[in-house]
Amino acid sequence: MERKEIEKNNVKLLGTVISEGVHSHDVYGESFYFYDLSVKRTSENADIIPVLISNRLVNLNDIKVGSHIMVEGQVRSYNKFENDRNKLILSVFPLSLTFVSD
């Protein structure tokens with residue numbers, strides 16, 4: 001019997017960058033920056049989604065406030081120790097990023 005794998009943890013977002021990049025961390029010469037992405041719902045309300053982008057994925061200087069981008073990737077989480085407590089941080093980790101026109 002052939003086993004079919006169900007792909008899990010895939011996300012695809014289309015939105016507008018609403019913040020400058022904030023440095024998160026460096027690993028083996030790769031730098032990661034958080035950007036806030038405003039993503040409209042069908043109700044016309046918007047969600048603000050933190051996106052963690054690597055400098056190896058795209059030239060970070062090309063990402064400007066107001067840029068329209070599509071990201072495809074995964075939801076990632078980690079615990080951040082803050083004020084003597086752990087805080088769960090959720091973000092989208094893009095595996096691909098495309099600039100889209102208005």
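**Salt bridges and the nonpolar core**

With a relative accessible area of 56%, Arg 56 is exposed. The structure described here is a predicted model, and Arg 56 makes a convenient place to enter it. The side chain of this arginine meets that of Glu 30 in a salt bridge, with an N to O distance of 3.9 Å. Glu 30 belongs to strand β3, whereas Arg 56 sits in the loop between β4 and β5, so the pair ties together parts that are 26 residues apart in sequence.

A search of the whole structure returns 5 salt bridges. In general terms, side chains of opposite charge can pair when their charged atoms come close. Besides the pair just described, a small group of charged residues deserves a look. Glu 82 forms a salt bridge with Lys 80 at 3.8 Å, N to O, and the side chain of Glu 82 also meets that of Lys 87 in a salt bridge, here at 3.9 Å, N to O. Lys 80, Glu 82 and Lys 87 are thereby linked in a network of salt bridges.

The solvent accessibility of these three residues can be read alongside their pairing. Glu 82 has a relative accessibility of 32% and therefore counts as partly exposed. Lys 80, at 38%, is classed as partly exposed, and the 44% found for Lys 87 puts that lysine in the partly exposed class as well.

Arg 85 is placed in strand β6, which covers residues 85-99. Its relative accessibility is 62%, so Arg 85 counts as exposed. Between the C-alpha atoms of Arg 85 and His 25 the separation is 20 Å, for two residues that lie 60 residues apart along the chain.

Attention now turns from charged side chains to nonpolar ones. The largest nonpolar core holds 15 residues, and those touching the most other members are Leu 13, Leu 37, Ile 53, Ile 63, Val 71 and Leu 97. At least two residues of this core come from each of the strands β1 (11-17), β3 (30-40), β4 (46-54), β5 (68-82) and β6.

Ile 53 offers a good view of how the surroundings of one such core residue are put together. Once neighbours within four places in sequence are set aside, Ile 53 is in contact with Ser 31, Phe 32, Tyr 33 and Tyr 35, with Val 58, Leu 60 and Ile 63, and with Pro 94 and Leu 97. Two of these partners, Ile 63 and Leu 97, appear with Ile 53 among the core residues that touch the most other members.

Key:
Residues numbered from 1 in each chain as written. Predicted model: local features only at pLDDT ≥ 70, side-chain atom pairs only at ≥ 80, totals over all residues. Heavy atoms only, no water. Helix = DSSP H or I, 4+ residues; strand = E, 2+ residues; numbered from the N terminus. Buried < 20%, exposed > 50% of the residue type's maximum accessible area, 1.4 Å probe, protein only. Core = buried A, V, L, I, M, F, W, Y, C linked by side-chain atoms within 4.5 Å. Contact = heavy atoms within 4.5 Å. Salt bridge = Lys/Arg side-chain N within 4 Å of Asp/Glu carboxyl O.
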